[in-house]
Amino acid sequence: MSKIGIFYGSTSGITEEIAQKLRVLFGEQLCDIYSMEEDFDEYGQLLDYDYLLLGCSTWGAGEVQNDWREPLFEMELEKPDFTGKTIALFGAGDQVSHGQDFVSALGTLYQHFQKLGATLVGDYPTDGYDFKHSNALHDGKFVGLPIDEINQSELTEERINQWVESLRPVFIGSN
Ligand SMILES: Cc1cc2nc3c(=O)[nH]c(=O)nc-3n(C[C@H](O)[C@H](O)[C@H](O)COP(=O)(O)O)c2cc1C
């Protein structure tokens, strides 16, 4: 069974908490978990896995979390081949104070890894969210799992569970 690589960038710890929950739900023995700040040295670590869960919160005005900046820049230059890799995205944001760019970092990661040949899975419906704009929309859905722990913490567990169930056949069923 192929292992799942969970890589997350998180400034105040929200996306980190989501990452830890995902690890438990997919099975701790099946998942390796990496903080982009503490455990990440080079993008070759991503290429060690065929199945990836990538977490990134949104900062600035729709920017990726700080620890993802340099790796994304390097990959843009060197264009490693992610063909055959299956990737699902998740990340925290704030749809009230930052509703102009809600979880837009997920859109940046989506475009980035799609260009490098990866198969992106794990889209999520917009029902129940209320925001003005997001770069993380594709065909009317979010390109990954958005968590708004600041305004809708009561929905977090249900959202994570629903997302994991939708991914289970891809990440574990055929894995
Ligand atoms: C200065 C600042 C800028 C932010 N910009 C955005 C943004 O553009 N879009 C968004 O959805 N959330 C934005 N947020 C909210 C964070 O993404 C949110 O607090 C999130 O929970 C942080 O997750 P983390 O702890 O995993 O980094 C911003 C927060 C701050 C303080």
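# A tour around the ligand and beyond

Start by selecting A19, which is buried, with a relative accessible area of 0%. You are looking at a predicted model, so keep that in mind as you click along. A19 is part of helix α1. Now add D32 to the selection: the two residues are 13 apart along the chain, and their C-alpha atoms are separated by 11 Å.

**Stop two: the ligand**

Next, click on the ligand. Where does the ligand sit? You'll find it in the largest pocket. Two elements give two or more residues each to the shell around the ligand: α1 (14–26) and β4 (58–59). You have already been to α1, since A19 is found there.

Show the whole shell if your viewer lets you. There are 20 residues around the ligand, and the ones that come nearest are S10, S12, T15, S57 and T58. Colour the shell by class and you should get seven nonpolar, 11 polar and two charged residues.

**Stop three: contacts with the ligand**

Zoom in on S57. An N or O atom in the side chain of S57 is 2.7 Å from an oxygen atom of the ligand. Then hop over to D101, where a backbone N or O atom lies 3.0 Å from a nitrogen atom of the ligand. Last in this group is V103: one of its polar backbone atoms is 2.9 Å from an oxygen atom of the ligand. How much of the ligand does the protein bury? Taken alone, the ligand exposes 650 Å², and the protein buries 83% of that.

**Stop four: two residues with a positive phi**

Stay on V103 for a moment. You can find V103 in the loop between β6 (86–92) and α4 (104–115). Check its backbone angles: phi of V103 is near 45°, a positive value in a residue other than glycine. Why stop to look at that? Because most residues other than glycine have a negative phi.

Now select D139, in the loop between β8 (137–138) and β9 (141–142). D139 isn't a glycine either, yet it has a positive phi of about 50°. Is V103 buried or exposed? V103 has a relative accessible area of 0%, so it counts as buried. And D139, buried or exposed? With 72% relative accessibility, D139 counts as exposed. Flip between the two in a surface view to see this for yourself.

**Stop five: S134 and its partners**

Move on to S134, which is in the loop between β7 (119–121) and β8. S134 counts as buried because its relative accessibility is 7%, and the cut-off for buried is under 20%. Which backbone atoms does the side chain of S134 come up to? One is the backbone oxygen of F102, which the side chain reaches at 2.6 Å. Another is the backbone nitrogen of A136, which lies 3.0 Å from a polar atom of the S134 side chain. Draw both distances on screen and you'll have the S134 side chain linked up with F102 and A136.

**Last stop: W68**

Finish with W68, in helix α3 (residues 66–78). W68 counts as buried, at 0% relative accessibility. Now select L53 as well, and turn on the distance tool. W68 and L53 are 15 residues apart in sequence, and C-alpha to C-alpha they are 14 Å apart in space.

Methods:
Residues are numbered from 1 along each chain as its sequence is written. This is a predicted model: local features need pLDDT of at least 70, side-chain atom pairs count only at pLDDT 80 or more; totals for chains, interfaces and linings use all residues. Side-chain values use heavy atoms; hydrogens and water are left out. A residue is near a molecule or strand if one of its heavy atoms lies within 4 Å of it. A polar contact is a pair of N or O atoms within 3.5 Å; within protein, one must be able to donate a hydrogen and the other to accept it, and residues adjacent in sequence count only if both atoms are side-chain atoms. Accessible areas come from the Shrake-Rupley method with a 1.4 Å probe; for residues, only the protein chains shown count as cover. On a 1 Å grid over the protein atoms alone, a cavity is a set of points where a 1.4 Å probe fits but cannot get out, and a pocket is an open set with protein on both sides within 12 Å along at least five of seven lines; lining residues have an atom within 4 Å of a point. A molecule sits in a cavity or pocket if more than half of its atoms lie within 2 Å of its grid points. Helices (H or I, at least four residues) and strands (E, at least two) are DSSP runs, numbered from the N terminus. Ala, Val, Leu, Ile, Met, Phe, Trp, Tyr, Cys and Pro count as nonpolar, Asp, Glu, Lys and Arg as charged, and the others, Gly among them, as polar. Buried means under 20% relative accessible area, exposed over 50%, partly exposed in between (1.4 Å probe, protein chains only).
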